[in-house]
Protein chains: 2
Amino acid sequence: VMRERLAGLGLAVPDYAPVHAPDDVERFAAAHGWPLVLKAVRGGYDGRGVWMLTGPDPELVARLLAAGTPLMVERAVSMRRELAALVARSPFGQAAAWPVVETVQADGQCVQVLAPAPGLDPGVAVQAQEMALRIATELEVTGLLAVELFEADDGGLLVNELAMRPHNSGHWTIEGSRTSQFEQHLRAVLDYPLGTTELTAPAVVMANVLGAAEAPVMGLDERVHHVFARFPDVRVHLYGKAERPARKVGHVTALGTDAAEVRRRAALAAHWLSTAEWADGWSIHLGAAVRDSVPKQVEHA
Amino acid sequence: VMRERLAGLGLAVPDYAPVHAPDDVERFAAAHGWPLVLKAVRGGYDGRGVWMLTGPDPELVARLLAAGTPLMVERAVSMRRELAALVARSPFGQAAAWPVVETVQADGQCVQVLAPAPGLDPGVAVQAQEMALRIATELEVTGLLAVELFEADDGGLLVNELAMRPHNSGHWTIEGSRTSQFEQHLRAVLDYPLGTTELTAPAVVMANVLGAAEAPVMGLDERVHHVFARFPDVRVHLYGKAERPARKVGHVTALGTDAAEVRRRAALAAHWLSTAEWADGWSIHLGAAVRDSVPKQVEHA
């Protein structure tokens with residue numbers, strides 16, 4: 001429904017088709033080639049409900065359909081990266097756009113958000129903001145709208161998904177923008193004038209804290225102690241969720257002037273909070289007392 | 001008790017004496033001259049419990065003593081301005097100091113905080129931070145400590161009062177520092193490593209929203225609408241308190257590079273929220289629709 005509506009507005013979306021039988025996938029492949037992306041039409045998030053198909057897999061399709069999962073298939077877009085355009089709109093019609101960000105993906109899930117998107121052509125950035133504002137207006141969005149975009153190899157923008165709410169791609173705004181996505185959402189829903197979307201630093205990076213594949217020996221509270229000591233400038237947000245492999249249980253935000261260094265700090269802090277394992281460049285910055293209190297090799301239970 | 005303890009640490013405080021009878025004030029005046037400041041030893045805040053005496057007033061002193069108010073008298077320090085040094089200290093002994101701020105007073109009450117204190121000699125700033133850190137250490141403070149200081153006409157620093165808690169002079173840190181005084185207080189009390197006290201902008205100004213002398217016709221919610229429209233960058237904090245004349249019912253924070261302009265914006269926003277009355281430079285920036293919806297002359301009930 002979302003793809004049809006967006007295509008109806010003349011916005012570029014990946015080629016797609018609904019899947020009611022395994023044959024639908026092979027017919028689409030005959031026209032568009034492999035690989036293809038099979039998606040659950042409802043309920044997908046963080047890489048769940050998405051299957052990359054490098055060739056026919058009628059058994060998978062049949063099994064999913066038999067389980068009652070409504071499906072679609074789409075072309076695997078050959079792309080440079082993923083971007084997101086975050087905007088807010090009030091019932092009065094006022095709208096505000098944050099700078100376009102890059103969303104770094106791993107295993108189908110966002111792991112980092114780089115604000116603003118490094119090296120993005122200014123014309124493409126404006127185009128992305130205009131697309132998001134247009135979608136918000138046409139769909140009469142009230143509150144936040146995140147538009148997930150593919151920056152294709154040819155530089156064109158394709159709309160991937162919409163999220164009509166404060167979104168993971170906007171968590172960086174809590175410290176990184178004068179108005180956070182949460183304050184802006186409330187301003188918009190309550191029809192107050194919107195706040196400025198100005199950045200608080202030239203480079204802002206949000207990194208998700210993911211549940212580790214195996215539970216770290218060191219408790220989360222102890223990990224927080226270490227990350228606070230190592231990075232007194234990094235802001236830590238923990239959601240109080242049980243840790244499960246790859247589950248988003250929190251995020252960190254780093255800010256500064258050197259985008260690469262800011263990204264490195266955010267990545268190290270999030271990695272440490274996830275796994276309590278040393279990463280390159282970590283140990284040398286810890287004071288001796290802290291360093292000696294932590295086993296160098298963390299043994300997994 | 002606080003003055004005795006500070007003097008015992010060798011820190012400069014205004015000359016003072018306890019007052020048990022009206023004669024005590026006159027004896028102090030004979031040694032130090034008029035004017036003098038009579039203070040309630042307990043329970044004073046926001047200018048309450050402070051009386052400026054330009055000459056003998058034995059009736060006032062007798063009445064206060066009869067009402068059970070313990071009193072002290074002190075020299076009225078001839079000063080350039082008031083400053084505040086905000087620090088945090090953890091049980092482990094880690095300490096952190098924010099830049100020293102100027103606290104602008106009106107009617108014995110703080111109305112604005114300018115961070116960092118404009119034009120403050122860097123040596124004096126360090127001296128103020130060192131005084132605050134020393135007090136925190138000597139008194140074994142856990143959490144936040146605000147040291148209110150007089151910058152005397154001769155450039156010397158005198159300790160006025162201590163507040164061992166997050167304090168009005170530190171509200172600017174919510175948006176103006178990478179670590180707010182509230183987060184820092186929790187980090188300190190929980191004995192976590194403290195966060196950086198770096199500023200998020202070269203100039204930060206907090207202005208208190210005070211209850212007006214007469215209740216404004218325009219409701220607070222409507223005033224917020226206007227201030228949001230006029231200053232999309234100003235952050236508004238309202239405490240949900242009933243409005244009473246001169247009561248601190250909220251505050252606003254402005255940030256930027258031009259300290260004078262930042263102060264002007266904060267002052268205008270706070271004044272508008274307090275009174276719903278036009279101030280210089282206000283109306284020309286409002287859109288016509290907003291301007292026309294507001295009576296130019298607010299009639300007080």
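**Close-up views of a predicted two-chain model**

**View 1. Surroundings of A:Val61 in the predicted model.** A:Val61 counts as buried, because its relative accessibility is 1%, below the 20% limit for that class. The residue belongs to helix H3 of chain A, which comprises residues 58-66. Leaving aside residues up to four places away in sequence, A:Val61 is in contact with A:Val19, A:Ala21, A:Pro22, A:Val25, A:Leu38 and A:Leu71. From A:Val61 to A:Arg187 the separation is 126 residues in sequence and 44 Å in space, taken from C-alpha to C-alpha.

**View 2. Surroundings of A:Thr197 in a loop of chain A.** A:Thr197 is located between helix H6 (181-189) and strand E11 (203-210). With a relative accessible area of 17%, A:Thr197 is buried. A polar atom of the A:Thr197 side chain lies 3.0 Å from the backbone oxygen of A:Ala97. A:Ala97 is also among the residues that A:Thr197 touches, together with A:Ala96, A:Trp98, A:Pro99, A:Ser177 and A:Gln184, when residues up to four places away in sequence are not counted.

**View 3. Relation between chains A and B.** A turn of 180° with a shift of 0.0 Å along the axis lays chain B on chain A with an RMSD of 0.0 Å. The two copies are therefore related as by a two-fold rotation axis. Within chain B, the C-alpha nearest this axis belongs to B:Thr200, at 3.3 Å from it. Of the interface residues of chain B, 96% are also interface residues in chain A, so the copies meet through the same surface.

Definitions and conventions:
Residues numbered from 1 in each chain as written. Chains lettered and ligands numbered in written order. Predicted model: local features only at pLDDT ≥ 70, side-chain atom pairs only at ≥ 80, totals over all residues. Heavy atoms only, no water. Least-squares fit on C-alpha atoms with pLDDT ≥ 70 in both. Contact = heavy atoms within 4.5 Å. Helix = DSSP H or I, 4+ residues; strand = E, 2+ residues; numbered from the N terminus. Buried < 20%, exposed > 50% of the residue type's maximum accessible area, 1.4 Å probe, protein only. Polar contact = N/O pair within 3.5 Å; in protein donor to acceptor, adjacent residues only side chain to side chain.
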